[in-house]
Amino acid sequence: MKTLIQTTLAALALVTAPLAAAQSSEVVVLCSQQAAWCNMMQTVFARTTGIQVRMSVRSAGEALAQLSAERANPKTDLWFGGTGDPHLLAAQQDLTAAYRSSLLPELHEWARKQAERSGFKTVGIYSGPLGWGVNTELLAKKKLAMPKTWADLLKPEYKNEVQVANPASSGTAYTMVATLVQLMGEDKAFAYLAQLHRNVSAYPRSGAGPIKAAARGEATIGIVFTPDVATERAGGFAVETVTPLDGTGAEIGSMSIVKGARNLDNAKRFYDWALSAKGQQFGPAANYFGVPSNRAAGGDPRMPDFKSLRLIDYDYAKYGSAEERKRLIARWEKDVNALPR
């Protein structure tokens with residue numbers, strides 16, 4: 001794996017056109033993606049610009065909490081990746097700064113809309129549908145049927161077989177809650193989540209945690225964004241992607257510049273580079289197969305085909321608001337997480 005990443009970095013460094021020489025400086029980035037993806041961007045951006053990248057990997061919920069804690073004295077310049085809802089919340093809380101990149105016309109409409117609904121304080125960088133990954137070896141060993149719908153996950157035979165992240169710390173899990181509310185209606189959604197709770201063995205903090213557990217045999221089913229399943233499958237693990245037939249939502253992974261960034265010019269430079277077709281090669285290179293926001297990027301057959309899925313009309317503005325997120329998470333804590341299993 002180390003050799004593969006080194007080879008990929010060398011190749012990408014060659015095809016990435018060197019940007020104009022910059023003064024010796026740095027940019028501080030919070031990255032809410034897989035470590036391999038974060039590390040590739042960190043290395044190649046530094047090599048091609050001379051700007052050193054100080055990068056920390058955090059889940060979306062943890063990144064939002066850090067930016068909030070640093071509000072009076074920001075130590076971060078840019079937040080890359082993670083679900084769009086926390087980015088919209090950061091924009092609403094005035095934690096991030098407006099920036100209209102010159103590359104916006106190159107992006108898919110859903111990515112531009114993400115920028116518009118935030119007052120250009122965030123932008124879409126990739127998208128992927130919500131679903132789950134199933135360990136097919138464990139499924140066969142335990143003689144369980146493949147779950148195809150949200151309703152299937154409530155079956156008693158799946159007791160302690162399911163993992164989903166904690167929505168208080170994970171943008172992925174919050175997206176699940178918001179998706180079910182829009183799909184079923186709020187009261188029915190929380191009744192569903194209370195029943196699902198009986199089958200959940202653990203609520204890890206990170207959104208990718210459940211599929212990593214499923215891939216390694218610590219759970220049979222992990223509720224995640226489906227590109228995370230493709231990542232584990234590309235790593236040789238026996239997991240299969242399921243996108244629920246009764247409908248689902250999709251994330252818009254996002255990127256934001258922090259308000260009061262100490263290295264603002266370098267943050268803008270990183271932002272523009274990350275929106276370019278060349279800058280969006282690193283997701284697939286790190287085996288993450290979400291759909292890139294730049295129309296000139298993508299094309300990998302392992303990326304989801306949105307036209308073949310039953311997607312809800314997800315209300316990103318409403319469910320990305322501070323009030324709605326806080327209210328739904330509080331209800332989940334009270335009506336779901338407090339229940340015995």
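This briefing describes the overall build of a protein and several of its helices and loop residues. The model is a predicted one. Its secondary structure consists of 14 helices and 11 strands. The radius of gyration is 19 Å, close to the 20 Å that the globule rule gives for 341 residues, so the protein is as compact as a globular protein of that length.

**Overall dimensions and surface**

- The C-alpha trace extends over about 60 × 45 × 35 Å along the principal axes of the protein.
- Of the 341 residues, 57% are buried.
- Among contacts between residues at least 6 apart in sequence, 78% link residues at least 24 apart.
- The protein exposes about 14100 Å², and 52% of this area is supplied by carbon and sulfur atoms.
- The protein carries 39 positive and 31 negative charges, and the mean positions of the two sets lie 2 Å apart.

**Helix H5 and its surroundings**

- Helix H5 covers residues 109-117, and its buried residues are Ala-111, Gln-114 and Ala-115.
- Viewed down the axis of H5, these buried residues fall within an arc of 95°, so they line one face of the helix.
- An α-helix has 3.6 residues a turn, so residues three or four places apart point the same way.
- The packing partners of the buried H5 residues are two helices, H4 (84-92) and H13 (316-319), together with two strands, S5 (123-135) and S10 (250-258).
- Gly-119, located just after H5, adopts a positive phi of about 70°.

**Leu-107, in the loop leading to H5**

- Leu-107 belongs to the loop between S4 and H5.
- With a relative accessible area of 0%, Leu-107 is buried, the cut-off for this class being under 20%.
- Setting aside residues up to four places away in sequence, Leu-107 touches Arg-112, Val-123, Gly-124, Leu-275, Ser-293, Asn-294 and Arg-295.
- Lys-259 is 152 residues from Leu-107 along the chain, and the C-alpha atoms of the two are separated by 24 Å.

**Helix H14 and Ala-191**

- Helix H14 runs over residues 322-337, in which Ala-322, Glu-324, Arg-325, Leu-328, Ile-329, Trp-332 and Val-336 are buried.
- The cover over these buried residues of H14 includes helix H3 (60-69), H4, helix H7 (171-184), helix H8 (186-197) and H13.
- H4 and H13 thus appear beside the buried residues of H14 and also beside those of H5.
- Ala-191 is situated in helix H8 and is partly exposed, its relative accessible area being 37%.
- Ala-191 and Leu-328 are 137 residues apart along the chain, with 13 Å between their C-alpha atoms.

**Non-glycine residues with positive phi**

- Asp-94 is not a glycine, yet it has a positive phi of about 60°.
- Asp-94 occupies the loop between H4 and strand S4 (96-97), where it is partly exposed with a relative accessible area of 32%.
- Asn-160, likewise not a glycine, has a positive phi of about 65°.
- The loop that holds Asn-160 lies between helix H6 (136-141) and strand S6 (162-163).
- Asn-160 is partly exposed, with a relative accessible area of 43%.

Definitions and conventions
Residues are numbered from 1 along each chain as its sequence is written. This is a predicted model: local features need pLDDT of at least 70, side-chain atom pairs count only at pLDDT 80 or more; totals for chains, interfaces and linings use all residues. Side-chain values use heavy atoms; hydrogens and water are left out. Buried means under 20% relative accessible area, exposed over 50%, partly exposed in between (1.4 Å probe, protein chains only). Helices (H or I, at least four residues) and strands (E, at least two) are DSSP runs, numbered from the N terminus. The arc is that of the directions from the helix axis to the C-beta atoms. Contact means heavy atoms within 4.5 Å. The radius of gyration is taken over C-alpha atoms; the globule rule is 2.2 Å times the number of residues to the power 0.38. Accessible areas come from the Shrake-Rupley method with a 1.4 Å probe; for residues, only the protein chains shown count as cover. Lys and Arg count as positive and Asp and Glu as negative; His and the chain ends are not counted. The place of a charge is taken as NZ of Lys, CZ of Arg, CG of Asp or CD of Glu.
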